[in-house]
Amino acid sequence: MGATAHIVWDWNGTLLDDLDITVQATDHACRLVGGAPVDHARYRDCFTRPVRAFYERLLERDASEDEWRVLAEGYHRHYRDNLARAALRRGTRGLLAELADSGVTHSLLSMTEHDELLGLVEAHGLRDSFQIVDGAPKHRRADGKTEALREHLARLTGLRGSSLPPEQVLLVGDALDDGHAASGSGAACVLLADGAYAPGEPQRLGLRVAETLHEAARTGLQLLEARR
């Protein structure tokens, strides 16, 4: 199985266990514009893309342009101030190495701004684990991950010098947006059980869920095997 499988990993909330500081930063931002407190359950229930729609769900009203700037700046400032508290998910390095030894290749796709993402990946010593690392272009906000995944897979195909059939691709993430992106590209997808979505939503959409990274990889590779 391993020789033909490729895993596209998400970063925030997937390989980087940053849900706590993300929820806290979101709570901080909402309070700046008079919003109600945000806990983990409310964050998961309301999360969507585009991000502005997510905040308007939390606020239960539209946000003005001035409020949107306050929300975005407040979130990013609080998140970055606390980023040192976020660590890789347990077993990340070992799992990536184990899968690579079996022939599985890896890449990383995130909606985090590209240069910031590269810096984080290098700081955690993972740059060499991925064939390519793609983040969001600076000053360009994406409504979702679907087009970004298509572009990412096209880049991988160019790098490899051969086609990368979607039936050989697994996306591991933590949000419904990852599932939609995978579906739009014909890839398989497994979401982590503590991801940014209301409980039960992945199953309603026919997406598989796993408790750990190891289980996500194992389940996803079995899905790919069944497609062969």
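Visitor: Which side chain does arginine 155 meet in a salt bridge?
Guide: In this predicted model, arginine 155 lies in helix H7, which spans residues 146-160, and its partner sits 21 residues apart from it in strand S5, residues 133-136. The N to O distance is 2.2 Å, and since a salt bridge requires such atoms to be within 4 Å, the pair qualifies. The side chain that arginine 155 meets is that of aspartate 134.

Visitor: Is aspartate 134 buried or exposed?
Guide: Its partner arginine 155 has a relative accessible area of 44% and is partly exposed. For aspartate 134 the relative accessibility is 10%, and because buried means under 20%, aspartate 134 counts as buried.

Visitor: How far apart are the closest N and O atoms of glutamate 60 and arginine 42?
Guide: Glutamate 60 belongs to the loop between helix H3 (51-59) and helix H4 (65-82), while arginine 42 belongs to helix H2 (residues 40-46), so that the salt bridge links distant parts of the chain, 18 residues apart. Glutamate 60 is exposed, with a relative accessible area of 66%, whereas arginine 42 is partly exposed at 23%. The closest N and O atoms of this pair are separated by 3.6 Å.

Visitor: Which residue forms a salt bridge with arginine 228?
Guide: Arginine 228 is exposed, with 62% relative accessibility, and the side chain it meets is partly exposed, at 39%. The N to O distance between the two is 3.7 Å, and the partner is glutamate 225.

Visitor: Which residues are linked with Lys145 in a network of salt bridges?
Guide: The model holds 15 salt bridges by the rule applied here. Lys145 takes part in a network of salt bridges, and the residues linked with it there are Asp10 and Asp178.

Visitor: How many residues of strand S7 are buried?
Guide: Strand S7 runs over residues 188-196 and is mostly covered. It pairs in the parallel sense with strand S6 (residues 169-175) over 5 bridges, and 3 bridges join it, also in parallel, to strand S8 (residues 208-210). Of the 9 residues in S7, the number buried is 7.

Visitor: Which residue in S7 stands opposite leucine 170?
Guide: From S6 the chain passes through helix H8 (residues 176-185) to S7, in a β-α-β crossover that is right-handed. Further pairing involves S8, where alanine 210 stands opposite leucine 192. The residue in S7 that stands opposite leucine 170 is alanine 188.

Conventions: Residues numbered from 1 in each chain as written. Predicted model: local features only at pLDDT ≥ 70, side-chain atom pairs only at ≥ 80, totals over all residues. Heavy atoms only, no water. Helix = DSSP H or I, 4+ residues; strand = E, 2+ residues; numbered from the N terminus. Buried < 20%, exposed > 50% of the residue type's maximum accessible area, 1.4 Å probe, protein only. Pairing = 2+ DSSP bridges. Right-handed = clockwise from strand over helix to strand, strands pointing away.
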